[in-house]
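Colleague: Please take a close look at the side-chain contacts in this model, the aromatic pairs and salt bridges above all. Add whatever bears on the surface and the backbone.

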Amino acid sequence: MPLLSIFLLPLLLPSSLAQKKGNLSPETHPPFQWAQCTSPTNCTTINSSLVLDANWRWVHDDKYRNCVEQNPDGTQWWNPAVCDLGDESPASTNNCTSKCLLEGAGDYRWSYGITTTNATLMQKLVTRVEFATNYGSRLFLLEKKDRYQTFVLLGNELSFEVDLSTVGCGVNAALGFVAMDADGGVERHKPWNEAGAEYGTGYCDGWCQDRQRFVGGRAATNKQGARGYQWQSDGACCPEFAVWNSNAHSYSMSSHICENDDYEPCPGPWCDPTYYDPDERGVPPKCARKGCEYNPYRMGAKEFYGKGKLVDTTRNVVTRWEEDRQYQFFIQDGKRIDVPAPTWDGLPKQSGLSKEMCDVQTNVFMEQDIWAVHNGWPTHQRQVLSRPMVLVTSIDAADWYTWNTWLDSSKIPPYDDRDPGVEHGPCPWEDNEPSIARASNGQAKVVWSNIRFGPIGSTVEL
């Protein structure tokens, strides 16, 4: 097909080919309260709600047949009994997009282990229902029914309380901000996406999150599998600030910058999490997956965070976004506890993210510097700090590539634990394999509460 025809195709499509909402289960967003602050004694309660990511929803045709099938290892494929998957042309993608409906989540608690009470949110890792088991969830904060709440980070701070006491090795309970479209991609992906933020569409992140069922509002059908079309490499990229990747043993804060400022689909090798070799491939990943991060355990403070350590797993976390430095501290028993500085030679003598930290850490830790490929700190200030971002919370143990060892364990051998930055936490890497992590964390749940946002110094009284 001529290139011009590809660009014109969306303008010629009738709305019947768009991604639609189902009508079998209701979409009732769980209520949730957060606070907008101007000072520690002047915070306004915002009565909002949460919405489940579209990737967790039932996708079916008008005969209620599953559009999506899935293996235990997370690989998925479009059901050839529902979609016409004769080839990899746009016609196949259009067929799946038009036939498959995105269903309402129904009872969030019963189906997905999600419970809200006023300003408290609980997300369970494993939820067993009749004939099925759900693993994890990802939620977005809503401003209104069909629009995500957005935040600009620069000059502001976020505080929240979190209980991770039951979240073990290999599981990641996360809170962060991503550069999603506030409407869920409806405007950007016309005429494909009719479901929008009301149904949790449009997710993207700095890892170029793969295994997405819909990318750019369209069914991701570009990769052939033995039982239909799989999407092991399809995903969507956008800048991200990961405030809190965590479990009971370790945590990290990180910024992830990208080639482009906004949502971008990433078919093929740009979503491939394998090592980038410029001599072999010549094109770097769309985003800096590793990003610039601060993990106290990795930085040498092994006795700082975790059960029985200086900071336990049920405390108040405060994150501040200053122009030249972004950092965290804890409020524990009414006292401020600052995060320790790195102990490795060659790193700055203060915690958090700064231009100096982000410029040197890959060299100290002997890693590829994709951060620099995407112009580093200036891009971070533009893409991450100075634009509206959507608040995301999640819990999962579905990292089938690196087993979440980047969070709480050591790099898988042959790396030497004595080398700088190899140890990210105390967990044995063998226990992080996702099927093992899920089986050993059947009771895991994360509880988020008292989320406050406002200018620096406004959310906690010290």
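Modeller: What follows goes from the aromatic pairs to the salt bridges, then to the surface patches and some backbone angles.

This is a predicted model, in which local features need pLDDT of at least 70 and side-chain atom pairs count only at pLDDT 80 or more, while totals for chains, interfaces and linings use all residues. Residues are numbered from 1 along each chain as its sequence is written, and side-chain values use heavy atoms, with hydrogens and water left out.

The aromatic contacts come to 20 pairs in the structure. Rings of Phe, Tyr and Trp (for Trp the six-membered ring) pair if their centres lie within 6.5 Å; planes under 30 degrees apart count as stacked, over 60 as edge-to-face and the rest as tilted. One of the pairs is Phe177 with Trp321, edge-to-face at 5.9 Å centre to centre and with 80 degrees between the planes. Phe177 belongs to strand E16 (residues 172-178) and Trp321 to strand E26 (residues 316-321), so this pair ties together parts that are 144 residues apart in sequence. Helices (H or I, at least four residues) and strands (E, at least two) are DSSP runs, numbered from the N terminus. Phe177 and Trp321 are both buried; buried means under 20% relative accessible area, exposed over 50%, and partly exposed in between, with a 1.4 Å probe and protein chains only.

Another edge-to-face pair is Tyr251 with Tyr305, at 5.0 Å centre to centre and 75 degrees between the planes. Here Tyr251 lies in strand E23 (residues 251-256) and Tyr305 in the loop between strand E25 (292-294) and E26, so the parts tied together are 54 residues apart in sequence. Tyr251 is buried at a relative accessible area of 1%, and Tyr305 is buried at 5%. Both tyrosines also belong to a cluster linked by ring pairs, which contains Phe160, Trp244, Tyr251, Phe304, Tyr305, Phe330 and Trp448.

Next come the charged contacts. Side chains of opposite charge can pair when their charged atoms come close. With a salt bridge taken as a side-chain nitrogen of Lys or Arg within 4 Å of a carboxyl oxygen of Asp or Glu, the count is 22. Among them is the bridge between Arg320 and Glu157, at 2.5 Å from N to O. Arg320 sits in strand E26 and Glu157 in strand E15 (residues 156-163), and the pair links these distant parts of the chain, 163 residues apart. Both Arg320 and Glu157 are buried.

Two further bridges each join a buried residue to a partly exposed one. Asp181 and Arg188 meet at 2.6 Å, N to O; Asp181 is buried at 14% relative accessibility, whereas Arg188 is partly exposed at 40%. Asp262 and Arg387 form a salt bridge with their closest N and O atoms 2.7 Å apart. That pair links distant parts of the chain, 125 residues apart: Asp262 is in the loop between E23 and strand E24 (264-265), and Arg387 is in the loop between helix H6 (376-385) and strand E30 (389-396). Asp262 is partly exposed, with a relative accessible area of 32%, and Arg387 is buried, with 15%. Elsewhere, salt bridges with shared partners join Lys290, Glu293, Arg298 and Glu367 into one network.

On the surface, patches are made of residues with over 30% relative accessible area and no salt bridge, with nonpolar side chains (Val, Leu, Ile, Met, Phe, Trp, Tyr) joined within 5 Å and like charges within 9 Å. Accessible areas come from the Shrake-Rupley method with a 1.4 Å probe, and for residues only the protein chains shown count as cover. Leu24, Trp58 and Tyr64 form a nonpolar patch with about 290 Å² of accessible area together. Trp58 is in the loop between strand E3 (42-52) and strand E4 (59-60), and is partly exposed at 31% relative accessibility.

As for the backbone, the peptide bond from Lys190 to Pro191 is cis, with omega near -5 degrees. Pro191 is in the loop between E16 and strand E17 (214-215). Met366, not a glycine, has a positive phi of about 55 degrees. Met366 lies in the loop between helix H4 (355-364) and helix H5 (370-373) and is exposed, at 58% relative accessible area. Asn375 also has a positive phi, near 70 degrees; its place is the loop between H5 and H6, and Asn375 is partly exposed at 49%.
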